[in-house]
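Visitor: Please take one part of this model and go through it closely. I would like the aromatic contacts first, and then whatever else helps to place them.

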Amino acid sequence: MIDFYTAATPNGHKISIALEELQLPYTMHVLSLSANEQKQDWFLAINPNGRIPAIVDRANDDFAVFESGAILIYLAEKAGRLLPADPKARSRALQWLMFQMGGVGPMMGQANVFFRYFPEKIQAAIDRYQGESRRLFRVLDGHLKDNEYLAGSEYSIADIANWAWVRTHKWSGVETEGLPHLQRWLTQVGERPAVKRGIELPPSRAIAEREQKGEELAAEVRKMLETGQSRA
C-alpha cells in the first residue's frame, strides 16, 4: 500500500493519474495548503522541502519519495509500466519528463503567479512567462507532429507529467490555438479513463469554474505569497 500526500494541483495530479494508470493500491491524504499542513513537522519528515506531492511506500520499508518527477519514475519502475524498457526509448521518455520538470512546470507556474496571483500587474513579467510557456508549447507541438506520444509510439510518464500542466493553459493565460498536434495530444491523453479519474483525485475545480471563481482563489494564493508560503 502506498500513502499518497497531495492536493489539487498539476503536480499532485501527475501522481494520481500515474497511480490510476498503474493500478497500484494507495491511500490518498489531501493536505490543506492554505492551512500550511505541508510545513508541519510530520510532513517535513517525509519531504524536507515541504511541498506536495509525496508518497510513502509501506511495502518497501516505509520508503518515502518526494519531487513529482522522482515519484513518477519510482512508480513506473515499481510497476514495470509507463517507462519503456528499451534504453533509447527510456531515455526519450526521461528527456521529455525533464522538459516538463525544468521548463513547462516552472514557466507556467510563474505565469500563474504574475498573471493570476501577484498583488500588482507587472506586464513585463506576465509577458515573459506567458511567452516562454507558449514557446515550450510550440516545442511540444513540433515534436508531436511526428510522434503519437512524447516518447514515440508508447504512452509514458512523460505524457502524464506534461499533460497535467498543459491542460491548465487557460489558467496561465496561454492559448493553444495554432498548435494542432498539441491539441490532438491533449484530447487523446485526456480521454484515457485513468486520466479522467486521476484529475478528480482530489476533486479539482473545472477550468471554467476556476476562471469563474478566479478572484477567490487568487486572493487565497496572494495571501500565501505574502506570508512566504507556496502552493507546490
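Guide: Start with Tyr74, which has a relative accessible area of 17% and is therefore buried, since the cut-off for that class is under 20%. The model is a predicted one, and the values given here are computed from it. The ring of Tyr74 pairs with the ring of Phe63, and Phe63 is partly exposed because its relative accessible area is 42%.

A pair of aromatic rings is described by two quantities, the distance of the centres and the angle of the planes. The chain has 10 aromatic pairs in total. In the pair formed by Phe63 and Tyr74, the centres are 5.7 Å apart and the planes make an angle of 35°, which puts the pair in the tilted class. Phe63 belongs to strand E4 (residues 63-66) and Tyr74 to helix H3 (residues 68-79), so the pair ties together parts 11 residues apart in sequence. Elsewhere, ring pairs join Tyr5, Trp42 and Phe43 into a cluster.

Another residue of the 63-66 strand leads to a polar side chain. Phe66 is touched by Asn47, which also touches Pro53 and Ala54, leaving aside residues up to four places away in sequence. Asn47 is located in the loop that runs between helix H2 (41-44) and strand E3 (54-57). With a relative accessibility of 2%, Asn47 counts as buried. A polar atom of the Asn47 side chain lies 2.9 Å from the backbone nitrogen of Asn49.

Further along the chain comes helix H4, which covers residues 87-117 and has 31 residues. Asp86 caps the N-terminal end of H4, with a side-chain oxygen 3.1 Å from the backbone nitrogen of Lys88. From first C-alpha to last, H4 reaches 42 Å, close to the 45 Å expected at 1.5 Å a residue. H4 also has a bend of about 40° at Gln100.

For the chain as a whole, the secondary structure consists of 11 helices and four strands. Of its 232 residues, 52% are buried. Among contacts with a separation of 6 or more, 68% are between residues 24 or more positions apart. The accessible surface is about 10,700 Å², and carbon and sulfur atoms account for 50% of that surface.

Methods. Residues numbered from 1 in each chain as written. Predicted model: local features only at pLDDT ≥ 70, side-chain atom pairs only at ≥ 80, totals over all residues. Heavy atoms only, no water. Helix = DSSP H or I, 4+ residues; strand = E, 2+ residues; numbered from the N terminus. Expected span 1.5 Å × (residues − 1). Bend = angle between axes of the 7 residues up to and from the residue. Polar contact = N/O pair within 3.5 Å; in protein donor to acceptor, adjacent residues only side chain to side chain. Buried < 20%, exposed > 50% of the residue type's maximum accessible area, 1.4 Å probe, protein only. Contact = heavy atoms within 4.5 Å. Areas by Shrake-Rupley, 256 points an atom, 1.4 Å probe, with all protein chains shown as cover. Phe/Tyr/Trp six-rings, centres within 6.5 Å; stacked < 30°, edge-to-face > 60°.
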